[in-house]
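Student: Please take one part of this structure and look at it closely. Start at the beginning of the chain and work inward to the packing. Keep it brisk.

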Amino acid sequence: RATSLYLFEHVHGESRDRGQAMVDLLQMYERHGLFLNPGELPDYLPVFLEYLSRLPVPDARKLLAETGEILSALAGQLSQRGSHYSF
């Protein structure tokens with residue numbers, strides 16, 4: 001769980017709030033032309049980064065900054081485990 005690439009796993013865990021947060025995130029993606037395939041979850045880090053790549057740089061930086069604590073915690077966990085994916 002500590003190295004999950006699903007962002008809302010770190011924020012909401014298995015709570016009901018996670019479902020609504022994903023619906024909101026998916027709607028935000030769709031407003032900017034990013035439509036996911038069935039089964040893809042919008043809080044998956046690579047999907048989130050793809051979305052950011054479609055935004056103007058200032059907007060992308062702002063949203064990326066909102067995930068800073070999650071990404072820092074993820075990097076720390078990977079580093080502790082000696083993963084070459086830590087950054």
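Tutor: Ser4 sits in the segment before H1. Is Ser4 buried or exposed? Ser4 is buried, at a relative accessible area of 16%, because the cut-off for buried is under 20%. Beyond its neighbours within four places in sequence, Ser4 contacts Glu9, His10 and Leu74. Glu9 and His10 fall in H1 (7-11), and Leu74 falls in H5 (68-80).

A word on confidence. This is a predicted model. The mean pLDDT of the protein is 91, and 98% of residues reach 70 or more. H1 has the lowest confidence, with a mean of 87. H3 has the highest, at 97.

Stay with H5 for a moment. Leu78 is in helix H5 and counts as buried, at 15% relative accessibility. Leu78 and Thr3 are 75 residues apart along the chain, yet their C-alpha atoms are separated by 6.8 Å. They also touch: leaving aside neighbours within four places in sequence, Leu78 contacts Thr3, Ser83, Tyr85 and Ser86. Ser79 is in H5 too, but Ser79 is partly exposed, with a relative accessible area of 47%.

Next, H2. Ala21 lies in helix H2 and is buried, at 15% relative accessibility. Setting aside residues up to four places away in sequence, Ala21 touches Phe8 and His12. Phe8 belongs to the H1 range, 7-11. Ala21 and Pro42 are 21 residues apart in sequence, and their C-alpha atoms are 9.4 Å apart in space.

Now the core. In general, nonpolar side chains in soluble globular proteins tend to be buried together. Here the largest nonpolar core has 21 residues. Tyr29, Leu34, Phe48, Tyr51, Leu52, Leu55 and Leu63 touch the most other members. H1 (7-11), H2 (16-31), H3 (45-53), H4 (57-66) and H5 (68-80) each give two or more residues to this core.

Take Leu34. Leu34 lies in the loop between H2 and H3 and is buried, with a relative accessible area of 7%. Aside from neighbours within four places in sequence, Leu34 contacts Tyr29, Val47, Glu50, Tyr51 and Arg54. Of these, Val47, Glu50 and Tyr51 lie in the H3 range, 45-53. Leu34 and Leu64 are 30 residues apart along the chain, with C-alpha atoms separated by 17 Å.

H3 comes next. Which residues of H3 are buried? They are Leu45, Val47, Phe48, Tyr51 and Leu52. Down the axis of H3, these buried residues fall within an arc of 160°, so they line one face of the helix. The helix repeat gives the background: an α-helix has 3.6 residues a turn, so residues three or four places apart point the same way. The cover over the buried residues of H3 includes H1, H2, H4 and H5.

Tyr51 is worth tracing. Not counting residues up to four places away in sequence, Tyr51 touches Met28, Tyr29, His32, Leu34 and Leu63. Met28 and Tyr29 sit in the H2 range, 16-31, and Leu63 sits in the H4 range, 57-66. Leu34 brings in the loop between H2 and H3. Compare Ser79: Ser79 and Tyr51 are 28 residues apart in sequence and 26 Å apart in space, C-alpha to C-alpha.

Last, the pairing of H3 with H4. Their axes are 9 Å apart and pack at an angle of about 155°. That makes H3 roughly antiparallel to H4, because angles over 145 degrees count as such. The residues that meet are Phe48, Leu49, Tyr51 and Leu52 in H3 and Ala60, Leu63 and Leu64 in H4. Phe48, Tyr51 and Leu52 are also among the buried residues of H3. Phe48, Tyr51, Leu52 and Leu63 are among the residues that touch the most other core members.

Conventions: Residues are numbered from 1 along each chain as its sequence is written. This is a predicted model: local features need pLDDT of at least 70, side-chain atom pairs count only at pLDDT 80 or more; totals for chains, interfaces and linings use all residues. Side-chain values use heavy atoms; hydrogens and water are left out. A nonpolar core is a set of buried Ala, Val, Leu, Ile, Met, Phe, Trp, Tyr and Cys residues joined through side-chain atoms within 4.5 Å. Buried means under 20% relative accessible area, exposed over 50%, partly exposed in between (1.4 Å probe, protein chains only). Helices (H or I, at least four residues) and strands (E, at least two) are DSSP runs, numbered from the N terminus. Contact means heavy atoms within 4.5 Å. pLDDT is the predictor's confidence in each residue, from 0 to 100. The arc is that of the directions from the helix axis to the C-beta atoms. Axes are lines fitted to C-alpha atoms, for helices over the stretch in contact, and angles run from 0 to 180 degrees between N-to-C directions. Angles under 35 degrees count as roughly parallel, over 145 as roughly antiparallel, 65 to 115 as roughly perpendicular and the rest as oblique.
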